[in-house]
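Student: Can we go through this one together? I'd like to start with the charged pairs and then work outwards.

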Amino acid sequence: MMLCTRITLRYLRHWLLAALVLTPLAVAEVDLVWVDKSERLLYLMQGDTVVKQYDIALGGNPQGHKQQEGDQRTPEGRYTLDYKKEDSSFYRAMHVSYPNKLDTENAHQMGVSPGGFIMVHGQRNGLGWLAPLMQQFDWTDGCIALTNSDMDEFMSLVNTGTEIQIDW
């Protein structure tokens with residue numbers, strides 16, 4: 001009986017500790033991901049409240065809206081994070097719904113491809129240890145890069161279908 005009580009108390013303590021640590025994050029209902037390109041910051045929002053803030057890296061030519069494939073710009077405007085990708089060339093990823101209809105029409109009028117496959121992602125696979133250095137530079141082709149540990153947290157807090165607002 002004593003052994004059973006001791007085991008039960010041990011599990012109860014572990015469960016309570018996990019509940020205390022995880023509850024603030026688990027309760028957060030992220031309804032918007034807001035990217036401030038000019039400050040290189042990504043915010044997880046619940047209404048008007050910032051739930052979490054991350055430092056980010058962008059494309060090599062970050063100022064301005066993405067116009068075409070290869071311009072190394074991150075799109076600006078409101079999009080949707082429409083699917084998660086676990087088998088990426090980068091450590092985990094979540095797809096941004098760029099290009100939308102207007103982006104496609106504008107690129108068509110310019111006679112160029114709008115590009116696509118814009119993601120929020122971690123570091124290039126196998127190079128996560130370089131994140132402290134890499135996150136000091138804009139190194140993506142137009143994506144939004146986080147450290148791998150930040151990407152783990154991002155993926156656990158942001159659901160598919162969440163809107164993302166990207167501004168300069």
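Tutor: Start with lysine 66 and aspartate 71, which are both buried. Keep in mind that this is a predicted model.

Student: What do lysine 66 and aspartate 71 form, and how far apart are the closest N and O atoms?

Tutor: They form a salt bridge, with the closest N and O atoms 2.8 Å apart.

Student: How many salt bridges does a search of the whole structure find?

Tutor: The search finds 8. One of them joins the side chains of arginine 78 and glutamate 163, at 2.5 Å from N to O. That pair links distant parts of the chain, since arginine 78 is in strand 4 and glutamate 163 is in strand 8, 85 residues apart.

Student: Is arginine 78 buried or exposed?

Tutor: Neither. Its relative accessible area is 44%, so arginine 78 is partly exposed; the class runs from 20% to 50%. Glutamate 163 falls in the partly exposed class because its relative accessibility is 33%.

Student: Which residues are linked in a network of salt bridges?

Tutor: Glu86, Arg92 and Asp152. Within that network, the side chains of arginine 92 and glutamate 86 meet at 2.9 Å, N to O. Arginine 92 has 21% relative accessibility, so it counts as partly exposed.

Student: Back to strands 4 and 8. How do they run, and how many bridges join them?

Tutor: Strand 4 and strand 8 run antiparallel and are joined by 4 bridges. Across that pairing, arginine 78 stands opposite glutamine 165 of strand 8.

Student: And which residue is the bridge partner of leucine 32 in strand 8?

Tutor: Glutamate 163. Leucine 32 belongs to strand 1, residues 32-36, and strand 1 runs parallel to strand 8, with 5 bridges between them.

Student: What about strand 1 and strand 2, in which sense do they pair?

Tutor: They pair in the antiparallel sense, over 5 bridges. In this pairing valine 33 stands opposite leucine 44 of strand 2. The two strands make a hairpin with 4 residues between them, and arginine 40 in the turn has a positive phi of about 55°. Strand 1 is mostly covered, with 4 of its 5 residues buried.

Student: Zoom out. In what order do the strands of the sheet come?

Tutor: The order is 3-2-1-8-4-5-6-7, in an open sheet of 8 strands with mixed pairing. Strand 3 (49-55) and strand 7 (144-145) are the edge strands, each pairing on one side only.

Student: How many helices are there?

Tutor: The chain has 4 helices, alongside the 8 strands. Reading from the N terminus, the elements go α-β-β-β-β-β-α-β-α-β-α-β.

Student: Where does asparagine 100 cap a helix?

Tutor: At the N-terminal end of helix 2, residues 101-110. A side-chain oxygen of asparagine 100 lies 3.1 Å from the backbone nitrogen of leucine 102. Just after helix 2, glycine 111 has a positive phi of about 75°.

Student: Now the core. Which residues of the largest nonpolar core touch the most other members?

Tutor: Leu42, Val120, Phe154 and Ile164, out of 24 residues in that core. Several elements supply at least two residues each, including strand 1, strand 2, strand 4 and helix 4. Helix 4 gives the largest share, 4 residues.

Student: What does phenylalanine 154 touch?

Tutor: Leaving out residues up to four places away in sequence, phenylalanine 154 touches Val33, Leu42, Leu44, Tyr54, Leu81, Met94, Val120 and Leu146. Val33 and Leu44 are the opposed pair from the hairpin strands.

Student: What is the place of asparagine 159?

Tutor: It is in the loop between helix 4 and strand 8. Its relative accessibility is 43%, so asparagine 159 counts as partly exposed. With residues up to four places away in sequence set aside, asparagine 159 touches Leu81 and Met94. Its C-alpha atom is 8.7 Å from that of tyrosine 83, although the two residues are 76 apart along the chain.

Student: Last bit, overall numbers. What share of the residues in the chain is buried?

Tutor: Buried residues make up 38% of the 168. Of the contacts with a separation of 6 or more, 62% are between residues 24 or more positions apart. The accessible surface comes to about 9700 Å², with 56% of it belonging to carbon and sulfur atoms.

Terms used: Residues are numbered from 1 along each chain as its sequence is written. This is a predicted model: local features need pLDDT of at least 70, side-chain atom pairs count only at pLDDT 80 or more; totals for chains, interfaces and linings use all residues. Side-chain values use heavy atoms; hydrogens and water are left out. A nonpolar core is a set of buried Ala, Val, Leu, Ile, Met, Phe, Trp, Tyr and Cys residues joined through side-chain atoms within 4.5 Å. Buried means under 20% relative accessible area, exposed over 50%, partly exposed in between (1.4 Å probe, protein chains only). Contact means heavy atoms within 4.5 Å. A polar contact is a pair of N or O atoms within 3.5 Å; within protein, one must be able to donate a hydrogen and the other to accept it, and residues adjacent in sequence count only if both atoms are side-chain atoms. Two strands pair if DSSP finds at least two bridges between them. A salt bridge is a side-chain nitrogen of Lys or Arg within 4 Å of a carboxyl oxygen of Asp or Glu. Accessible areas come from the Shrake-Rupley method with a 1.4 Å probe; for residues, only the protein chains shown count as cover.
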